[in-house]
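These are my notebook entries on a structure I went through piece by piece, beginning with single residues and moving on to helix packing and the pocket.

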Amino acid sequence: MKVVNQNIQIDGIDKKILRALMEDARTPILEIARQVGISGAAIHQRLRKLEKSGLIAGSKFIINPKILGYTTMAFIGIYLDKAVSNPEAVKQLKKIPEVIECHYTTGNWSIFIKVLCKDNEHLMHLLNKDIQSITGVSRTETFISLAQQIDRQINV
């Protein structure tokens, strides 16, 4: 069965390659080639095709923030005075290193962010001094994550 997109078609071999690399991006190409049953050159060609299509957006190392002392993860809904404040608020949020995700959303909040802090005191300081002082922010609503239960990518 092929998954068809307007830009790319992926088959079972592409899916096997993608699954192997999603599990561990450092898996050697020749090891994947042995698992899939095609040559290393064919794997390279398929990866180039997938990268060129935009399906593969890169690879990265994942840092464990707890090892660096960041043990508090929180989600913050940000209420803005008016929608025209969105671009400026996001520009200011980009300057705050603890903000690791930022989303425009439907619903109650204008912006929803994910932050990593060392502890609750750090989070409180971040809220009071950095986030709530941004022009246009009228108030915030914070949810502290007790434990992340699922962390995965889209299934291929």
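Is Lys114 buried or exposed, judged by its relative accessibility? The model I am reading is a predicted one, and in it I find Lys114 at 15% relative accessibility, which is under the 20% limit and therefore counts as buried.

**Entry 1: two residues of strand S5**

I placed Lys114 in strand S5, and then looked up what surrounds this lysine. Setting aside residues up to four places away in sequence, I noted that Lys114 touches Met73, Ala74 and Phe75, and also Glu98, Val99, Ile100 and Glu101.

Ile111 also lies in strand S5, and I looked it up next. Its relative accessibility is 0%, so Ile111 counts as buried. With neighbours within four places in sequence left aside, the contacts of Ile111 include Ile76, Gly77, Ile78 and Leu80, and I also wrote down Asn86, Ala89, Val90 and Leu93 as contacts of Ile111. Cys102, His103, Tyr104 and Thr105 are in contact with Ile111 as well. For a distance across the model I took Ile111 and Leu146, which are 35 residues apart along the chain and whose C-alpha atoms are separated by 22 Å.

**Entry 2: H1 against H3**

I turned to helix H1 by way of Asp14, which is found in that helix. Asp14 has a relative accessible area of 0% and is therefore buried. Leaving aside neighbours within four places in sequence, I listed Gln9, Arg46, Lys49 and Leu50 as the residues in contact with Asp14.

How do H1 and H3 pack, in angle and in the distance between their axes? I read an angle of about 85 degrees, with the axes 11 Å apart. Because angles of 65 to 115 degrees count as roughly perpendicular, H1 is roughly perpendicular to H3. On the H1 side the contact is made by Ile13, Asp14, Ile17, Leu18 and Leu21, and on the H3 side by Ile43, Arg46, Leu47, Lys49 and Leu50. Sorted by class, the residues of this contact between H1 and H3 come out as seven nonpolar, three charged and no polar.

**Entry 3: H2 against H3**

I then looked at helix H2, residues 29-36, whose axis comes within 8 Å of that of H3 and crosses it at roughly 100 degrees. That crossing makes H2 roughly perpendicular to H3. Ile29, Leu30, Ile32 and Ala33 make the contact from H2, while Gly40, Ile43, His44 and Leu47 make it from H3. By class I have six nonpolar and two polar residues in the contact of H2 with H3, and no charged ones.

In helix H2 I also checked Gln35, which at 52% relative accessibility counts as exposed, because the limit for that class is over 50%. Between Gln35 and Ile96, which are 61 residues apart in sequence, I noted 43 Å from C-alpha to C-alpha.

**Entry 4: a loop residue**

Where does Gly58 lie? I found Gly58 in the loop between H3 and strand S3, the latter spanning 72-80. At 57% relative accessibility, Gly58 counts as exposed. Gly58 and Ala25 are 33 residues apart in sequence, and their C-alpha atoms are 9.7 Å apart in space.

**Entry 5: the largest pocket**

Last, I looked up the largest pocket, which holds about 1,900 Å³ of space. Its lining consists of 46 residues, and those that lie nearest the centre of the pocket are Lys60, Phe61, Ile62, Asp151 and Gln153.

Which element gives the most to the lining of the largest pocket? I found that H1 does, with five residues. Helix H1 (12-23), helix H3 (40-53), strand S4 (99-104) and strand S5 (111-117) each supply at least two residues of the lining. By class, I recorded 25 nonpolar, nine polar and twelve charged residues in the lining of the largest pocket.

How values were computed. Residues are numbered from 1 along each chain as its sequence is written. This is a predicted model: local features need pLDDT of at least 70, side-chain atom pairs count only at pLDDT 80 or more; totals for chains, interfaces and linings use all residues. Side-chain values use heavy atoms; hydrogens and water are left out. On a 1 Å grid over the protein atoms alone, a cavity is a set of points where a 1.4 Å probe fits but cannot get out, and a pocket is an open set with protein on both sides within 12 Å along at least five of seven lines; lining residues have an atom within 4 Å of a point. Grid points are joined across faces, edges and corners, and a volume is the space filled by probe spheres set on the points. Helices (H or I, at least four residues) and strands (E, at least two) are DSSP runs, numbered from the N terminus. Ala, Val, Leu, Ile, Met, Phe, Trp, Tyr, Cys and Pro count as nonpolar, Asp, Glu, Lys and Arg as charged, and the others, Gly among them, as polar. Axes are lines fitted to C-alpha atoms, for helices over the stretch in contact, and angles run from 0 to 180 degrees between N-to-C directions. Angles under 35 degrees count as roughly parallel, over 145 as roughly antiparallel, 65 to 115 as roughly perpendicular and the rest as oblique. Contact means heavy atoms within 4.5 Å. Buried means under 20% relative accessible area, exposed over 50%, partly exposed in between (1.4 Å probe, protein chains only).
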